[in-house]
Amino acid sequence: MKFLLKILVTTLAVFAGAYLIPGVETESFTVALILAVVLTILNVTIKPLLVILTIPITVVTLGLFLLVINALIILLADYLVGGFYVSGFWTALLFSIVVSIMVSIFESFDKD
């Protein structure tokens, strides 16, 4: 049940982020839901590998390179999910920051 709630929260954050940021488009709520599932899968599988491979760069940039990794995950999701479009790297970077903040805010209301 907790997993489904996290997917729903991510879906709402993706839908709201696409509404707020010019250059990001989702065709429908269903596309946002599929994107949330794809982002969850990418964050569980590919992101840890990228983080491990880029530890030296991450240390030198004091962790800011993790934002680049998040943007790359968004661009990969753009490639994988039809109906979701991001206009470029900087837009993906801003979108990843906005979605992360929204998910954090939504999850702060869930106090177990």
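The following exercises, each with a worked solution, concern a predicted model.

**Exercise 1. The salt bridge**

Task: State how many salt bridges the structure holds, identify the side chains that meet, and determine which elements they link.

Solution.
- Step 1. The count for the structure is 1 salt bridge.
- Step 2. Its partners are the side chains of Glu107 and Lys6, with a distance of 2.9 Å from N to O. This value satisfies the criterion, because a salt bridge requires the nitrogen to be within 4 Å of a carboxyl oxygen.
- Step 3. Glu107 belongs to helix 5 and Lys6 to helix 1, and the two are 101 residues apart, so the pair links distant parts of the chain.
- Step 4. Glu107 has a relative accessibility of 35% and is therefore partly exposed. Lys6, at 40%, is likewise classed as partly exposed.

**Exercise 2. The nonpolar surface patch**

Task: Determine which residues form the nonpolar patch on the surface, and which elements give two or more residues to it.

Solution.
- Step 1. The members of the patch are Leu5, Leu8, Leu12, Phe15, Phe29, Leu64, Leu67, Ile97, Ile101, Ile105, Phe106 and Phe109. Together they have about 1100 Å² of accessible area.
- Step 2. Two or more residues come from each of helix 1 (2–20) and helix 5 (89–108).
- Step 3. Ile97 may serve as an example from helix 5. Its relative accessible area is 31%, which means that it is partly exposed. A patch residue must have over 30% relative accessible area, so a value of 31% meets that cut-off.

**Exercise 3. The largest pocket**

Task: Describe the largest pocket by its space, the number of residues that line it, and the character of those residues.

Solution.
- Step 1. The space in this pocket amounts to about 330 Å³.
- Step 2. Its lining consists of 15 residues, and those nearest the centre are Thr10, Leu39, Asn43, Val99 and Ser100.
- Step 3. At least two lining residues are supplied by each of helix 1, helix 2 (29–53), helix 4 (65–80) and helix 5.
- Step 4. By character, the lining comprises 6 nonpolar, 7 polar and 2 charged residues.
- Step 5. Val99, one of the residues nearest the pocket centre, lies in helix 5. Its relative accessible area is 9%; because buried means under 20%, Val99 is buried.
- Step 6. The C-alpha atoms of Val99 and Ala16 are 8.2 Å apart, although 83 residues separate the two in sequence.

**Exercise 4. A positive phi in a loop**

Task: Locate Leu62, classify it as buried or exposed, and state what is notable about its phi.

Solution.
- Step 1. Leu62 is placed in the loop between helix 3 (55–60) and helix 4.
- Step 2. With a relative accessible area of 79%, Leu62 is exposed.
- Step 3. Its phi is near 55 degrees, a positive value in a residue other than glycine. Such a value stands out because most residues other than glycine have a negative phi.
- Step 4. Ser104, found in helix 5, is partly exposed at 47% relative accessibility. Leu62 and Ser104 are 42 residues apart along the chain, and their C-alpha atoms are separated by 21 Å.

**Exercise 5. Two further positions**

Task: For Val81 and for Phe3, decide whether the residue is buried or exposed, and give its place in the structure.

Solution.
- Step 1. Val81 is in the loop between helix 4 and strand 2 (84–86).
- Step 2. Its relative accessibility is 5%, so Val81 counts as buried.
- Step 3. From Val81 to Ser100 the C-alpha separation is 19 Å, with their positions 19 residues apart along the chain.
- Step 4. Phe3 lies in helix 1. At 53% relative accessibility, Phe3 is exposed, because the cut-off is over 50%.
- Step 5. Phe3 and Thr40 are 37 residues apart in sequence, and their C-alpha atoms are 10.0 Å apart.

Note on methods:
Residues numbered from 1 in each chain as written. Predicted model: local features only at pLDDT ≥ 70, side-chain atom pairs only at ≥ 80, totals over all residues. Heavy atoms only, no water. Patch = residues over 30% accessible without salt bridge, like charges linked within 9 Å, V, L, I, M, F, W, Y side chains within 5 Å. Areas by Shrake-Rupley, 256 points an atom, 1.4 Å probe, with all protein chains shown as cover. Helix = DSSP H or I, 4+ residues; strand = E, 2+ residues; numbered from the N terminus. Buried < 20%, exposed > 50% of the residue type's maximum accessible area, 1.4 Å probe, protein only. 1 Å grid on protein atoms, 1.4 Å probe; cavity = no way out; pocket = protein on both sides within 12 Å on 5 of 7 lines; lining within 4 Å. Points joined across faces, edges and corners; volume = space filled by probe spheres on them. Nonpolar A, V, L, I, M, F, W, Y, C, P; charged D, E, K, R; others polar.
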